[in-house]
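Student: I am new to this structure and should be grateful for a close look at a single part of it. May I put the request once the model is before us?

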Amino acid sequence: ARGLENDPQETATLNEMESDLATEELYRDEVLSQVSVDQKEIAAVVAKERVQLELRWLFAPKREQAKQFLQQLAHGISFEALFAAQLHDSVFADQRTMAITKFRLEDRNREMAAVVDTLAIGAVSQPIAAADGFYLIQITNTSTNPVLTETELTKLEYDLEQALIKRKTDVLSDQYVDRMMRERNPVIVRQTFNLLRARLGRSILPLEKYNEWNLDAALMSEAGPLDSAKAHDYRNQTLVKITDENFLLEDFWAWYQARRAYIRFSTTSPQSFFASLQQIVWRSVRDKLLIDRASQRGLQNRPNVQRQKQWWEEKSVYARAKVELQQTVNFTDEEMQRFYVARSRQYRDRQGKLQPFERVKEQVREDCYAEELTKRMLHHLNMLKSKYPVQINQSALQALSLGAEADAKAIDVIVAKKGGTFPRPGFPTIDFDWKRWE
């Protein structure tokens, strides 16, 4: 790959991968190892999973409207009438109803589940506060799923055991991170935060909105006003004070650049932008502390971490080398027209009539590009094979289980890892371009 593995951008991404893998090891050591589930717990959640609930609710964005619903119910207006009244062109009945098991409701909303557990069929709950407003719940029906076969029960018990483990580890993980943050006592430096807010505002907000919000107004220092357009000059300013060290503006910026494709800010108002940026800053501090703790314990040196890092390095170097090869592929209109004539059968309509070149030009361009790229990759690989001999263990290859190979219903799945310190695909995946070689 001609030294692509030494590219600064690739090195930074691989370091993020390694850090994230090391924090996974920390998670296993400090959190997952503390969790266990016994048969009594599994039996209890199986019983809850068999209970099916049918719910519907009234939604009130404000507390006053929720109180009004209660008054109307007290004066004899039926829940059915109030439920029907809230439905209109943009709100449908299936948006105000739910069929769910007791256990799954607990997983989704423990507070709501606790309230529902006390309700009889037809009774209406007191308003339940949520992030978007208030809910008045009514149970319309309950049922118990039929007795399961032994195979079904075994699978259900396994699935619920994993769900219970996740529920417990989520609680312990939150407690672990909360303790870690409190021990280090991080404090955001408001002046540097305002500079960061203005700098990000310049890059993600429309100019009209940026000027309307006047984000530069708060950029004052003892030496005079700061210039958000020259934020690079202030990269060594402290963004977050942490016990024994400081988290600099450049530290956050490096963290953000590696993750910007996965980060979204709320831009509905200056206040929501402020809140979402503050949340992201706290997340970056959490990541730094977790990575530092994993690094101090040498978890990045574990064989499992280094093995997975190598997989990502090979995938990354391959991707960059492929991009270089892709950039060498280009065509003139004359070359595409010759391609179109030579393969005219694939550009006919349903009636078998050849479509005009101009109508299918973009499709011809894509087909021409795909074929030429495949040729160049094959040529390049053959050249590499002659330079670096490759031996394939055919017996091991044939022994691989490919049960879904000829299954028309089989689907491609890409596992995404949203948690941890670095969102990414769960595993290095095979390049879909190889399908053209089948």
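Which side chain meets that of Glu 245 in a salt bridge? Please examine that contact closely, and then place it among the other salt bridges and the sheet.

Tutor: The model is a predicted one. The partner of Glu 245 is Lys 288, and the salt bridge between their side chains has an N to O distance of 3.2 Å. This pair links distant parts of the chain, since Glu 245 belongs to strand β9 (residues 245–248) and Lys 288 to helix α11, 43 residues apart. The two ends fall into separate classes of accessibility. Glu 245 has a relative accessibility of 26% and therefore counts as partly exposed. Lys 288, at 18%, counts as buried, because buried means under 20% relative accessible area.

The contact belongs to a wider set, for a search of the whole structure finds 27 salt bridges. One of them is formed by Glu 25 and Arg 302, whose closest N and O atoms are 2.9 Å apart. Glu 25 lies in helix α1 (residues 8–30), while Arg 302 lies in the loop between α11 (270–296) and α12 (303–326), so this pair ties together parts that are 277 residues apart in sequence. Here the glutamate, Glu 25, is buried at 7% relative accessibility, whereas Arg 302 is partly exposed, with a relative accessible area of 28%.

Glu 362 and Arg 365 offer a further example, with 3.4 Å between the closest N and O atoms. Both residues are in helix α14, and because they are three residues apart, about one helical turn separates them. Glu 362 is partly exposed at 49% relative accessible area, and Arg 365 is likewise partly exposed, at 32%. Salt bridges can also share partners: Glu 16, Arg 259, Arg 286 and Asp 287 are joined in this way into one network.

Helix α14 also leads to a feature of the surface. The helix spans residues 361–387, and Tyr 388 is found in the loop between α14 and α15 (394–399). Together with Met 383 and Leu 384, Tyr 388 makes a nonpolar surface patch of about 280 Å².

The sheet remains to be described. Four strands form an open sheet in the order β2-β1-β4-β3, and their pairing is antiparallel. The edges are occupied by β2 (97–101) and β3 (128–130); each has a single partner strand, so one side of each is left without a neighbour in the sheet. From one strand to the next, the twist averages 40°.

The pairings may be followed across the sheet. Five bridges connect β2 with strand β1 (residues 51–60) in the antiparallel sense, and Arg 56 stands opposite Thr 97 in β2. On β1 and strand β4 (residues 133–144), ten bridges make up another antiparallel pairing, where Trp 57 stands opposite Ile 137 in β4. In a regular strand, side chains alternate between the two faces of the sheet. Finally, β3 and β4 run antiparallel and are joined by three bridges; Ala 130 has Gly 133 in β4 as its bridge partner. The connection from β3 to β4 is a hairpin through two residues.

To return to the request, the contact in question is the salt bridge of Glu 245 with Lys 288, which joins a residue of strand β9 to a residue of helix α11.

Definitions and conventions: Residues numbered from 1 in each chain as written. Predicted model: local features only at pLDDT ≥ 70, side-chain atom pairs only at ≥ 80, totals over all residues. Heavy atoms only, no water. Pairing = 2+ DSSP bridges. Axes fitted to C-alpha atoms, helices over the stretch in contact; angles between N-to-C directions. Patch = residues over 30% accessible without salt bridge, like charges linked within 9 Å, V, L, I, M, F, W, Y side chains within 5 Å. Areas by Shrake-Rupley, 256 points an atom, 1.4 Å probe, with all protein chains shown as cover. Salt bridge = Lys/Arg side-chain N within 4 Å of Asp/Glu carboxyl O. Buried < 20%, exposed > 50% of the residue type's maximum accessible area, 1.4 Å probe, protein only.
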